[in-house]
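Q: I am new to reading protein models and would like a close look at one part, followed by a connected walk through the rest. Please take it slowly.

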Amino acid sequence: MVTLYDVARVAGVSTATVSRVVHGQDKVRDSTRARVLEVIDELGYVPDGAAQSLSRRQKNVIGLVCVERQSPRKQYDIESMSLLFYDEILRGVESRIRHHKWSLLITYLEEAGDPDLPRLLSLSGQVDGLLIGEGIVPSEYLARLSKRLPVVVIAGSPDEKAADVVTADNRAGSAALVRHLIEDHGRRRLYHVDGPITAPDARERRLALTELLAANPQCQLVGSSQGFFSVASGEEAGEKLLALRREAMPDAVICANDQMAIGVLQAFAKAGVRVPEQVAVVGFDDIFPGSLYDPPLTTVHQPMRLLGERACTRLLDRISRRGLRPKVELLPTELVLRSSCGCPPGTVTRRPVELTNVSHRASAPAASPRRRRTPPASPS
């Protein structure tokens, strides 16, 4: 087994320097840190704690790596930190590990720049496996981590090959939402408020919109804004739209999540724009505040708590059976119809969305219990 002394010898540094790099400590030159990390990768060195885990001396601890996402204005709030999303994920993970009497270690990585690999290496020595959120760690880093300990990505890319992925079927859910706007409400001029470029969820939802536009040449994308999954970025997108001439306004605004959709609704309400009579607005996620807004928000429900449960179950399986092959597991979504899209006031209709065919990657999970639905309301 490769030891810390082997890394120090090959890198030409002291064992103390290697230890500082592995534990993410300061007082190491960038060039030295890069050389040590390169040697660690070449030799396949596993920190002592992770080595104990691999030899079955388990700690009964898993790690959860979350994304710290901030707006360009560097404001600190629950939304920009993605805490609304991770609160539900955390509840799902906890519901699984408490029955096994395991513990959870949580850390946050900043979205900007390269992931803090030394910090992840240090964390890998303290846990038996890692849950990593939202594709913040690129595939090449995931491949390195996966050699050291079990890794499962939550809300990652369905195309990921280096580790297991558990995610909602964002593409199918978004396609169902856009299709409803086009086919049931005759919306033709669409505007998109996109999510962060780095977020796999936003990318899948964007692809669904592109595919639906290609299949409906009578429709057009009249513009887009780059958002950050926060209400503030949605409000900025709404203000950008309000600066257009009335005849240039879209007849539907498709937002990559509910928080941005609420921001658009706020901007429109201040300006006296009537939703949905003048412009329809829809979101994604089905967070509770969206149902309280006026008009209530049409959206797509993604099972955030179930994401945490399924990802944790997969990680525990991988910890006990290291030979499992990586797979992608898609969880089903629901189309949630309310009145912001143009459905009659009082509409609360939930429609299950058929899963994308991923038989070449993974079998679909058993469907979660369906919620009680109100009788379908006919679209306006």
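Which residues in helix 1 meet which residues in helix 2?

A: This is a predicted model, and the contact you ask about is a good place to begin. From helix 1, Leu4, Tyr5, Val7 and Ala8 take part, and they meet Thr15, Val18 and Ser19 of helix 2. When these residues are sorted by type, five are nonpolar and two are polar, while no charged residue appears in the contact. Two packed helices are described by the angle between their axes and the distance between the axes. Here helix 1 covers residues 4-11 and helix 2 covers residues 15-22, and their axes come within 8 Å and cross at roughly 110°. Angles from 65 to 115 degrees count as roughly perpendicular, and helix 1 and helix 2 are therefore roughly perpendicular to each other.

From the helices we can turn to the strands, beginning with strand 3. Strands of a sheet pair through backbone hydrogen bonds, either parallel or antiparallel. Strand 3 pairs with strand 1 (residues 61-68) in the parallel sense, over four bridges, and within this pairing Ile62 stands opposite Gly129 of strand 3. Strand 3 is also joined by four bridges to strand 4 (residues 151-154), and these two strands run parallel; there, Gly133 has Ile154 of strand 4 opposite to it. In a regular strand the side chains alternate between the two faces of the sheet. In strand 3, Gly129, Leu131 and Gly133 point one way, whereas Leu130 and Ile132 point the other way, and all of them are buried. Strand 3 is accordingly described as mostly covered, with five of its five residues buried.

The loop that leads into strand 3 offers a contrast in exposure. Gln126 sits in this loop, between helix 6 (117-124) and strand 3 (129-133). The relative accessible area of Gln126 is 40%, and since buried means under 20% and exposed means over 50%, Gln126 is classed as partly exposed. If we set aside the neighbours of Gln126 within four places in sequence, Gln126 is in contact with Lys59, Val61 and Leu105. A further relation across the chain is that of Gln126 to Asn60, which are 66 residues apart in sequence and 9.9 Å apart in space, C-alpha to C-alpha.

A second group of strands, four in number, forms an open sheet in the order 7-6-8-9, with parallel pairing. The edges are held by strand 7 (220-226) and strand 9 (280-282), each of which pairs on one side only. Leaving direction aside, neighbouring strands of this sheet are turned by 20° against each other on average. Strand 6 (residues 189-194) and strand 8 (residues 252-255) run parallel and are joined by four bridges, and one bridge partner pair in them is Leu190 with Ala252 of strand 8. Helix 9 (residues 200-215) packs on this sheet, where it touches strand 6, strand 7 and strand 8, and the direction of helix 9 makes about 165° with that of strand 6.

Within this sheet, Val253 deserves a separate look, and its place is in strand 8. With a relative accessibility of 0%, Val253 counts as buried. The C-alpha atoms of Val253 and Leu190 are separated by 6.0 Å, although these residues are 63 residues apart along the chain. Beyond the neighbours within four places in sequence, the residues in contact with Val253 include Tyr191, Val193, Leu241, Phe268 and Val281.

A further sheet, made of three strands, is open and has the order 10-12-13, with antiparallel pairing. Strand 10 (299-301) and strand 13 (349-352) stand at its edges, and each has a single partner strand, so one side of each is left without a neighbour in the sheet. From one strand to the next, the twist averages 30°. Strand 10 is joined by three bridges to strand 12 (residues 334-337), and the two run antiparallel, with His301 standing opposite Glu334 of strand 12. Helix 8 (residues 170-185) packs on this sheet and touches strand 10, strand 12 and strand 13, while its direction makes about 40° with that of strand 12.

Finally, a word on the cysteines. A search of the whole structure finds zero disulfides. Cys66 is buried, with a relative accessible area of 1%, and Cys312 counts as buried too, at 0% relative accessibility.

Notes
Residues are numbered from 1 along each chain as its sequence is written. This is a predicted model: local features need pLDDT of at least 70, side-chain atom pairs count only at pLDDT 80 or more; totals for chains, interfaces and linings use all residues. Side-chain values use heavy atoms; hydrogens and water are left out. Axes are lines fitted to C-alpha atoms, for helices over the stretch in contact, and angles run from 0 to 180 degrees between N-to-C directions. Angles under 35 degrees count as roughly parallel, over 145 as roughly antiparallel, 65 to 115 as roughly perpendicular and the rest as oblique. Contact means heavy atoms within 4.5 Å. Ala, Val, Leu, Ile, Met, Phe, Trp, Tyr, Cys and Pro count as nonpolar, Asp, Glu, Lys and Arg as charged, and the others, Gly among them, as polar. Buried means under 20% relative accessible area, exposed over 50%, partly exposed in between (1.4 Å probe, protein chains only). A disulfide is a pair of cysteine sulfur atoms within 2.5 Å. Two strands pair if DSSP finds at least two bridges between them.
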